[in-house]
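Please look over the sequence and the model below, with attention to the ligand and its surroundings. A short report follows.

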Amino acid sequence: MVERYALEPIKSLWSLEAQYKRWLKVELAVVWAYERLGIAPKGTYQQAIKNAYIDVEKILDIEKEVDHDVIAFIKVATSKMGKEASFFHYGLTSSDVVDTANSLALIEATNIIISEMKNLLKLLFEKALQYKKLPSIGRTHGVHAEPTSFGLKFLSWYSELKRDLKRLINAREEISVGKLSGAVGNYAHISPLVEELALSKLSLKPTPVATQVIPRDLHSNLINIFGLIASAIERMAIEIRHLQKTEVLEVQEPFKKTQRGSSAMPHKKNPILCERLTGLSRIIRSYVHTAFENIPLWHERDISHSSVERFMFPDVTTTLHYMIVKAQHLIKNLVVFEDRVKRNIDTTKGLVYSQRVMLKLIEKGLTREEAYKNVQKLALKCWETHSSFKNEIAKSFSHLLSKNEIEELFSPDYYLKNIDAIYKRFEDE
Ligand SMILES: O=C(O)C[C@H](Nc1ncnc2c1ncn2[C@@H]1O[C@H](COP(=O)(O)O)[C@@H](O)[C@H]1O)C(=O)O
């Protein structure tokens with residue numbers, strides 16, 4: 001986890017102390033279940049809670065000796081216990097504790113991410129409404145295509161992230177499992193009843209079939225969705241970076257009063273936040289691949305996934321959380337130069353209305369091929385000579401099109417006529 005991109009409350013979720021506390025929570029839930037089922041004597045659980053002990057430094061010291069982190073943890077956690085220690089970790093294997101605790105951490109991280117995603121969605125929807133009627137130029141292949149609603153950009157981002165939110169909620173449900181089924185997942189030394197009861201105390205369900213570990217497809221699915229969310233944010237960031245190019249200048253990311261753009265060129269305002277979001281998205285996507293590498297483990301498990309997850313879980317959750325929080329700032333404070341947005345539609349002096357002109361000529365009786373050829377010939381001439389496409393059309397087609405008809409053909413508002421139908425799909429928001 002890189003401190004620079006880690007914000008609370010996710011950051012402290014991944015401290016060693018928080019991890020050992022989660023392990024303890026799992027171990028104690030099992031002691032509780034043993035007592036509830038009459039396997040451990042009454043009072044065992046209370047004694048275990050009272051005497052359980054965590055000291056991060058001590059655990060790390062013992063780990064140096066035994067070279068096994070869970071054993072080091074158990075030694076310290078039970079070091080001040082009496083008889084109740086005999087029910088601590090009874091019938092469990094290390095990964096029962098580690099994997100169940102990992103689910104708890106991932107659920108907590110996902111809850112925080114979901115809540116910040118909802119804030120971002122709200123901001124995107126507000127901007128979508130604000131700029132719904134602002135005509136702008138739509139670009140395909142980077143080339144001016146046809147006018148469209150500027151607000152539709154925000155609505156498109158909103159719609160994508162809303163899909164991701166739904167996926168994330170499903171993935172959270174899927175990862176809400178633990179496993180307390182012992183060394184090879186067959187309940188040889190612990191009853192499924194103990195598992196069910198202990199997990200219910202942690203608001204988890206048993207993994208239907210586990211090996212020594214919870215199957216990693218569940219974690220991969222979650223991280224895959226994190227990758228989708230990061231990519232959605234990157235799509236926004238890239239759009240803003242393009243729109244902030246000097247030649248375009250339709251938007252500008254927030255720039256603080258005290259901020260400086262360049263050490264060399266005092267005039268500069270650079271889209272550094274969007275560029276950072278683009279870079280961080282690459283990091284998160286790289287973990288999607290890494291997560292999938294953890295699925296095929298040997299037999300009932302090997303531990304090759306463990307080192308990966310020590311990076312991956314903290315990195316991916318803190319970084320994505322950071323990205324979402326910063327994206328909120330970006331969208332909320334985005335500067336939109338509305339005049340420039342409108343003006344840019346005319347950069348090509350009317351060429352962006354070519355399809356509409358062609359369709360009108362077809363209505364007037366030309367074949368599609370004739371209309372296309374004629375319009376393209378004039379359009380290509382305009383590209384070369386920078387002359388007005390509207391004037392060229394007026395000159396060439398005055399016998400077919402009236403002045404009013406030509407004016408009407410070159411109006412950006414025409415292109416917004418069905419935008420309401422798209423927005424209507426979100427009227428319950
Ligand atoms: O309950 C058990 O422990 C059963 C045992 N499997 C293990 N299960 C869980 N942890 C184990 C296992 N084995 C080792 N370790 C310890 O895990 C740590 C792995 O370190 P790293 O690769 O750096 O993430 C590192 O601390 C390792 O010592 C088995 O033999 O099947």
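In which segment does Pro-9 lie? Pro-9 is found in the segment before helix 1 (10–13), where helices are DSSP runs of H or I with at least four residues, numbered from the N terminus. This is a predicted model, in which local features need pLDDT of at least 70 and side-chain atom pairs count only at pLDDT 80 or more, while totals for chains, interfaces and linings use all residues. Residues are numbered from 1 along each chain as its sequence is written, and side-chain values use heavy atoms, with hydrogens and water left out.

Two backbone features deserve a note. The peptide bond joining Glu-8 and Pro-9 is cis, with omega about 5 degrees, and Asp-67, a residue other than glycine, has a positive phi near 55 degrees. Most residues other than glycine have a negative phi, and most peptide bonds are trans. Asp-67 belongs to the loop between helix 4 (56–66) and helix 5 (69–77).

Asp-67 also appears at the ligand: of the 13 residues around the ligand (a heavy atom within 4 Å), those that come nearest are Asp-67, Thr-93, Ser-94, Ser-306 and Arg-310. By class, this shell holds one nonpolar, seven polar and five charged residues, with Asp, Glu, Lys and Arg counted as charged and Gly among the polar ones. The table lists polar contacts of the ligand, that is, pairs of N or O atoms within 3.5 Å.

| Residue | Polar atom from | Distance to a ligand oxygen atom |
|---|---|---|
| Gln-212 | side chain | 2.9 Å |
| Asp-69 | backbone | 3.0 Å |
| Ser-307 | backbone | 3.3 Å |

The protein covers 62% of the 640 Å² of accessible area that the ligand has on its own, as computed by the Shrake-Rupley method with a 1.4 Å probe. Helix 6 (94–130) and helix 11 (304–332) are the elements that give two or more residues to the shell around the ligand, and helix 11 supplies the largest share, three residues.

On the level of domains, whose bounds come from an automatic or database assignment, the chain is divided into domain 1 (10–90), domain 2 (93–132 + 149–190 + 197–332) and domain 3 (351–409). Domain 1 and domain 2 each contribute at least three residues to the shell around the ligand, whereas the centres of domain 2 and domain 3, taken over C-alpha atoms, are separated by 49 Å.

Definitions and conventions:
Polar contact = N/O pair within 3.5 Å; in protein donor to acceptor, adjacent residues only side chain to side chain.
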